[in-house]
Amino acid sequence: MSEFNGILTVTVFLPALAALVILLARPFNLEDRIVRWFAILSTVATFVLSAIVFLAYDRDVGGVQFIDHISWLSAETIKSSYLLGVDGLSAPLVLLTGILGTAAAFASRNINLRVSEYFVWLLLLEAAVMGVFTSLDLLLFFVFFEFEVIPMYMLISVWGSGRPRYSAMKFVLFTLAGGAFMFVGIFAVYLTGAVDTLTMVAIPELGISGVPEQIAGANLIAPASLIFAFFLVAFAVKLPVWPLHNWLPDAHTDAPTAVSVMLAGVLLKMAGYGMIRINIGFFQETKGFTVHDAAGILSVVAAISVVYGAIVTIRQTDMKRLIAYSSVSHMGFVLLGLTAIGGNTAAIQLGGINGAALQMFTHGTITGLAFLMVGLAYDRTHTRHIPHLGGLWRRMPIIGIFFFIAGFASLGLPALSGFVSEIMVFLNSFPVWPWAAGISAFGVVLAAGYVLWMIQRTFFGSRPPDGGIPQKNYDELTDAEPLDLIPILVLTIPIFVIGIWPKTVVDVFKIGIEGILR
Amino acid sequence: MNAQDYWALSPVIAMAGLAIVLLSADALLAERMFGGRRFGSKRALSWVAFIGLLAPALLALNLWFGWVGEQTSDPVVYGTFTADRFALFFQFLIIGATAAVILGSVPYLNQFRDSLGEFFTLILTAAAGMMLLVGASELITIYVALETTALPAIALAALRRDGFSIEAGAKFLILSALSTALLLFGLVFLYGYTGATRIDEIVARMATLPFEAGVPFGSLAVMLAVLLIVAGFGFKMAIAPWHMWVPDVYQGAPTPVAAFLSVASKASAFAVLMRILYAMADFDPVANDWQILFALIATASMTVGNLLALTQSNMKRLLAYSTIAQAGYIMVGFAAVGAASSSGTATAGPQSIMYYLAGYTFTNLAVFLGFTAIIHRTGDDTIAGLSGLVKRSPVLAILMSIGLLSLLGMPPTVGFMTKAVIFSTAVDQGLIWLAVVAVVNTVIAAYYYLRIVGLILFGDTDNTDRTRPSTGEMTAVAIGVAGSLVLGVVPWLVLQLIDDAITIV
């Protein structure tokens, strides 16, 4: 049975189509300005579509909506379909991708090197991420999950700084190695006798049953714990979880600003999304091993990620690297929230996972904003070395204000979005894993330390320290331009909205997660 | 011989006839018969060859659709040849590969102005041999077809007549002879056990013979035969541990010849091996044993190919190792050959292998022919020579990058889809470890493929002359890339075809 709504297909492929247009227009040697604005407008259009998907998602009906379904691959041993759809879990993440895509495109206004190529890759990246969040077929999910590597490789290695080739290759190899495990995991799931579909969720309206129902209690082709681990490794690399986080600081530090925004903002979220959809979604009633059995050990890993990430963050002297490591710490909270699946009551499980999902959304906007501000500051000072900076507040108060907002949201100041998600994670994981949650709470304390200390060293003081940027350059520093405010506000508004009125997103996530928990 | 026999053989006959036409045309043109300048008119040969390929292609299409003539998919010519859809599928691949190689190598062949006729005659003869091979259903025919394939290929490898090329030819000749000897030895065991050379008779006899059957080793003789046959074809398929000749021959042979060998020669060997194995699939003493044999060969081939490719600095050698690794991936599918899949049918193995080969044919031709277009202009066959290609020839650079990404198995290209299908057959057979090894191998391969893609797209170059490939070269590469994208995005197109073509089970 096939159904074709179309809106998601358009949302996913609009950026790709725009990329194709730019590519085909290359022989005409269009002005860079035209290409730039064309690309920006296409991301805005994608954002509008993603907002429509988010707002039009019927919360009273729930389930999977906006389905596009066509049979795609039907080989003897593997059958897959082109199946797009959003449920409560993916709808906010689609919106997040739309937001971050627009912010990233705006933040790329100053790219002058090989402009059309740059935007081709950036748009393809957005399309790939959008595809990950909307595809409900396991193989299609994997296709998008892997495809995202190519644009990232290109973007980091050509437009990056520092050691871009090295960082890009490291990113690729880590991701592909993780993806390789998932690839095998997909086969292992599909080739289980009782499973005859790759659909990740059941869609009763179309008469499609999903893997979670079919795999429940079935005799698996390999131990359930092994298949679980295959998926987990792929997502743990991507999230990233200690000790697989090694690629992240390099990739972030050397990537151009907009790519860091995308990487921190949405790419890491693909992993959290995958963990909820697959690791939790599939393995609740599997024979011999369920996700509940793994929650304990994962909570330990989460606590280590949070605290280790935070301690390493404090030691950083490069602003971008600092924020990159803080992502390791904050993504640890996501994992911690997920470990609430080991709880006894449905309310705790739901709350923890909901907190984790919200943490993904808020971290996307907060860290996106932080990277954006670092990028803006770096464009002016040409250094990110913290000891070389100081007194920036006097020269660039607007950048300073928004840096503050990002920083405070990141350390969990109430009324900003980071607080809501972290409190949800703690409240629900503490009853289940008091030690892990308790230790992780230090992550918040340390976050206050590294955020405030960095802001103090870079923005305060009367002038840059001796040996830092020369006084003459300092005097010539300028503040953000009016157009810079567009990406800044696009990212700041959700921080406030969720901080003050979290229901906007929490309720949607809740519908999705209720559907996944059985 | 009756009408049916001729119809069944018609594509092969047309191909062989075309080879003779080319040989005669070359002789005529050499005498300046038409008063043209010697080489100027010889260039027409490539167009005669290219357009002439329409004849075998149309005749094969006729057999597939059954337009005219008396046709049958049963064995014909006293049971020696079967023009079933399985054979036709591979004949299409071979004709297509031949056409692409001819189309994509016209400028390259300028350097062979004295032996242009030989080149076409040899390549068409080899193609005729392969087309015979994929339909051969009798042991002696298989042997004869294989030799018809091998001898022209050896001459082609030595065509450049420089040190590397002669070495390639000599090495190819000796190892080819050795492999054929092994194969013959295997066929002899099969004959000794069953007393028949026709595959259908062998199947029938196996079903009734006692396991001892009054021959040395009893039914073990069949196992031994399988081993020797696999070893014999192993050379053709370029799988480890019979891969030693591949890098040397690919490096020494003219690049279009390497392209031809890497695709057509491999595909035909895979086809005939599948046909032989399916004949024995119901023979209990061996059927379950070859799974582990193929799994080990696949592991060795993938690992050796990928690890050695990492250290190469010569592009042709790297591509050679890459084809060894690719053959290893195909062998993963062989582990499912003859065994029933979880859905109860025994067609999973051939389906995955044929899909892989179809995708591989397009992709590998794109990469090899793209490289052919570059190498004969720069004369530099190192990987470093590709540096900054995008500045010299942007379209070709992008096409080659897509081809390389497809070889690596990156979605949404066919390389990904075929790997997904072929690895799933391994998991289906319970060989999860094999799928893990295969997937880990693709990660290793990512390193060297991406390094080349990186060099092509971002490398520095002093050479700012724009390399302008000819229309023919560009078309051949573009068709290859288009094929690898289309087959990857809409796999059902070819899977439908393949389902019709699995007639050997």
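**Domains, chains and local features of a predicted model**

Across the interface of domain 1 and domain 2 of chain B, 9 residue pairs are in polar contact, both residues of each pair being at pLDDT 80 or more. The qualification on pLDDT applies because the structure is a predicted model. On the domain 1 side, the elements that give two or more residues to this interface are α5 (85-104), α10 (220-237), α11 (245-252) and α12 (255-280) of chain B. The largest share of that side, 15 residues, comes from α12(B). Sorted by class, the side of domain 1 that touches domain 2 has 36 nonpolar, 6 polar and 7 charged residues.

The two domains themselves may now be placed. The domain assignment of chain B gives residues 1-284 to domain 1 and residues 288-505 to domain 2. Taken over C-alpha atoms, the centres of domain 1 and domain 2 of chain B are separated by 22 Å. In chain B, 49 residues of domain 1 are in contact with 52 residues of domain 2. The area buried between these two domains of chain B is about 4400 Å², and carbon and sulfur atoms give 78% of that area.

Charged pairs also occur at this domain boundary. Side chains of opposite charge can pair when their charged atoms come close. Between domain 1 and domain 2 of chain B the count is 2 salt bridges. B:Arg85 forms a salt bridge with B:Asp500, and the closest N and O atoms of this pair are 4.0 Å apart.

The interface between the two chains can be described in similar terms. Here 36 residues of chain A are in contact with 41 residues of chain B. Together, chain A and chain B bury about 3200 Å² between them, with 80% of this area on carbon and sulfur atoms. Within chain A, the residues that lose the most area to chain B are A:Trp72, A:Glu76 and A:Thr77, which together account for 19% of what that side buries. Between chain A and chain B there are 0 salt bridges, while 3 residue pairs, both residues at pLDDT 80 or more, are in polar contact.

Four elements of chain A give two or more residues to the side that touches chain B: β2 (65-74), α5 (138-147), α6 (149-159) and α7 (164-190). Of these, α7(A) gives the most, with 12 residues. By class, the side of chain A that touches chain B has 28 nonpolar, 4 polar and 4 charged residues.

Helix α7 of chain A also takes part in a charged pair within its own chain. The side chains of A:Lys170 and A:Asp250 meet in a salt bridge, at 2.7 Å from N to O. This pair links distant parts of the chain, with A:Lys170 in helix α7 and A:Asp250 in helix α10 (residues 247-254) of chain A, 80 residues apart. Over all chains, the structure holds 20 salt bridges.

Strand β2 of chain A leads to the sheet. In chain A, 3 strands form an open sheet in the order β1-β2-β3, with antiparallel pairing. Because β1 (3-4) and β3 (79-86) of chain A stand at the edges and each has a single partner strand, one side of each is left without a neighbour in the sheet. The antiparallel strands β1(A) and β2(A) are joined by 2 bridges. A:Glu3 stands opposite A:His69, which lies in β2(A).

Some features of the backbone remain to be noted. Most residues other than glycine have a negative phi, and most peptide bonds are trans. In chain B, the peptide bond from B:Ala240 to B:Pro241 is cis, with omega near 0°. B:Pro241 lies in the loop between α10 and α11 of chain B, and both of these helices give two or more residues to the side of domain 1 that touches domain 2. Another cis peptide bond joins B:Pro411 and B:Pro412, with omega at about 5°. B:Pro412 is placed in the loop between α18 (394-408) and α19 (414-428) of chain B. In chain A, A:Asn29 is not a glycine, yet A:Asn29 has a positive phi of about 50°. The position of A:Asn29 is in the loop between α1 (7-24) and α2 (32-56) of chain A.

Note on methods. Residues are numbered from 1 along each chain as its sequence is written. Chains are lettered from A and ligands numbered from 1 in the order in which they are written. This is a predicted model: local features need pLDDT of at least 70, side-chain atom pairs count only at pLDDT 80 or more; totals for chains, interfaces and linings use all residues. Side-chain values use heavy atoms; hydrogens and water are left out. Domain bounds come from an automatic or database domain assignment. Contact means heavy atoms within 4.5 Å. Buried area is the accessible area (1.4 Å probe) that two parts lose on being put together, summed over both. A polar contact is a pair of N or O atoms within 3.5 Å; within protein, one must be able to donate a hydrogen and the other to accept it, and residues adjacent in sequence count only if both atoms are side-chain atoms. Ala, Val, Leu, Ile, Met, Phe, Trp, Tyr, Cys and Pro count as nonpolar, Asp, Glu, Lys and Arg as charged, and the others, Gly among them, as polar. Two strands pair if DSSP finds at least two bridges between them.
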